[in-house]
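Trainee: I should like to understand how the descriptive terms applied to a structure are justified. May we go through them one at a time?

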Amino acid sequence: MKISDIKIYKVKPRWIFIKILTDEGITGWGEMISGTKTETVVAGAEEMGKKIIGRDPFEIERIWQELHRSFFRGGPINGTIISGIEMALWDIKGKALNVPVYELLGGAVRDKIRVYSWIGGDRPSDVAKQARERVDKGFTAIKMNATSELHYVDSYKKVQAVVDRVASIRDEVGDDLEIGIDFHGRVHRPMAKVLAKALEPYHPMFLEEVVLPENWESFDDIAREVSIPLATGERLYTRWAFKNLFRQGAVDIVQPDVAMCGGILETRKIAAEAESFDMACAPHAPYGPVSLAATLQVDACTPNVFIQEQSLGIHYNQGFDLLDFVKNKEIFQYKDSYVQLPKKPGLGIEMDEDMIKDVAQQGLVWSNPSWKNYDGTIAEW
């Protein structure tokens with residue numbers, strides 16, 4: 001079997017699908033992340049894709065090594081391109097061998113996968129009402145952004161507003177609902193300590209990206225201040241970028257993104273290293289259906305995954321949602337905050353290519369929000 005062609009589709013709201021074809025008619029789907037550089041990612045994928053035409057799609061690790069080990073390596077552009085190609089190759093291999101991908105990675109270690117639901121939006125609001133709605137749908141865990149714009153040192157009123165929102169959820173649904181709180185890298189070290197300490201009485205499930213990952217040395221300071229598990233990893237690419245976290249030992253939960261960090265096997269390697277340090281894994285997956293399907297394959301065979309992010313109904317999905325491009329919609333059916341293990345070969349997902357082609361004709365212009373503080377300085381989004 002040889003790789004014969006590659007097709008790339010840019011689709012709303014912010015997803016880039018890649019389809020790899022073979023001379024035996026077996027195809028595989030992958031997903032890349034647009035971010036703010038859609039055309040750059042597409043051009044890079046076309047350039048890298050030319051290098052693997054004619055190659056054996058079963059040689060996933062060899063192809064990965066060749067694509068990754070260029071002189072300039074890593075980063076979000078290379079990371080998401082290699083990730084998309086890699087997951088498509090796994091999809092082909094699983095289909096060719098008629099097994100789900102996780103069967104090729106050691107087999108299932110669990111019966112089902114726990115998931116959580118997003119609430120609140122970019123500038124969190126109506127969180128108590130939305131938390132009640134999620135509980136009524138059977139979810140036992142949610143995640144929300146902590147705050148909107150926050151300066152290096154800011155008003156305690158903003159801290160109190162965060163506390164009040166979390167308190168409103170506890171007042172509405174009690175302590176049975178687990179709450180992940182995402183600082184989203186918006187909070188700088190001076191305020192991160194204050195905010196984390198103020199939230200401790202409400203027993204969050206975890207605090208995510210309490211500071212930007214490049215400020216990893218601050219995780220130590222915050223870990224000493226609070227007993228809440230700390231999580232990070234969505235902006236780190238390949239296992240090498242996680243080394244400082246493992247050495248430091250302050251972060252409790254790693255969150256590699258299958259569509260960013262290097263793909264399915266790279267995510268599995270990162271999670272395995274975390275397991276050796278007695279750290280949990282909660283993969284980042286707020287994007288499209290292919291990346292989530294690939295992530296569920298990792299979850300199925302990874303013992304230290306304890307919960308999974310998913311993007312059905314997330315605030316970014318304007319116009320199209322997770323299921324719109326999927327034929328076998330049951331793959332993302334959640335019951336009592338769990339999803340079943342995928343059973344179909346490969347990634348287990350059947351894409352609606354006619355729908356994808358139709359939407360791709362509309363074009364894709366996605367840009368992450370650009371925020372400013374009260375004094376006109378750049379605020380982290």
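Mentor: Let us begin with Pro13, which lies in the loop between strand 1 (3-11) and strand 2 (15-22). Please bear in mind that this is a predicted model.

Trainee: What joins Lys12 and Pro13, and what is the value of omega?

Mentor: The two residues are joined by a cis peptide bond, with omega at about 5°.

Trainee: Let us turn to Glu149. Where is Glu149 found, and why is Glu149 called buried?

Mentor: Glu149 is in the loop that runs between strand 6 (141-145) and helix 5 (156-173). Its relative accessible area is 16%, and buried means under 20%; Glu149 is therefore buried.

Trainee: Which residues does Glu149 touch, not counting residues up to four places away in sequence?

Mentor: With those left out, Glu149 touches Arg123, Asp154, Lys158, Trp371, Lys372, Asn373 and Ala379.

Trainee: What makes the link between the side chains of Glu149 and Arg123 a polar contact?

Mentor: The side chains of Glu149 and Arg123 are joined at 2.5 Å, and a polar contact requires a pair of N or O atoms within 3.5 Å. The pair is accordingly listed as a polar contact.

Trainee: Why does Glu209 count as buried?

Mentor: The relative accessibility of Glu209 is 0%, and the limit for buried is under 20%, so Glu209 counts as buried. Glu209 is placed in the loop between strand 8 (206-208) and helix 7 (218-225). Although Glu209 is not a glycine, its phi is positive, at about 45°.

Trainee: What is the phi of Asp336, and where is Asp336 found?

Mentor: Asp336 is a residue other than glycine with a positive phi, near 55°. Its place is the loop between helix 10 (289-300) and strand 12 (338-340).

Trainee: Why are helix 1 and helix 3 called oblique to each other?

Mentor: Helix 1 (residues 38-52) and helix 3 (residues 75-97) pack at an angle of about 50°, and their axes are 9 Å apart. Angles under 35 degrees count as roughly parallel, and 65 to 115 as roughly perpendicular. The angle of about 50° fits neither class, and the two helices are therefore oblique. Helix 1 also passes helix 3 in a right-handed crossing.

Trainee: Which residues make this contact, and how do they divide into nonpolar, polar and charged?

Mentor: Helix 1 contributes Thr40, Val41, Gly44, Ala45, Met48 and Ile52, while helix 3 contributes Ile77, Asn78, Thr80, Ile81, Ile82 and Ile85. Eight of the contact residues are nonpolar, four are polar and none is charged.

Technical notes
Residues numbered from 1 in each chain as written. Predicted model: local features only at pLDDT ≥ 70, side-chain atom pairs only at ≥ 80, totals over all residues. Heavy atoms only, no water. Helix = DSSP H or I, 4+ residues; strand = E, 2+ residues; numbered from the N terminus. Buried < 20%, exposed > 50% of the residue type's maximum accessible area, 1.4 Å probe, protein only. Contact = heavy atoms within 4.5 Å. Polar contact = N/O pair within 3.5 Å; in protein donor to acceptor, adjacent residues only side chain to side chain. Axes fitted to C-alpha atoms, helices over the stretch in contact; angles between N-to-C directions. Parallel < 35°, antiparallel > 145°, perpendicular 65-115°, else oblique. Left-handed = near helix turned anticlockwise from the far one by under 90°. Nonpolar A, V, L, I, M, F, W, Y, C, P; charged D, E, K, R; others polar.
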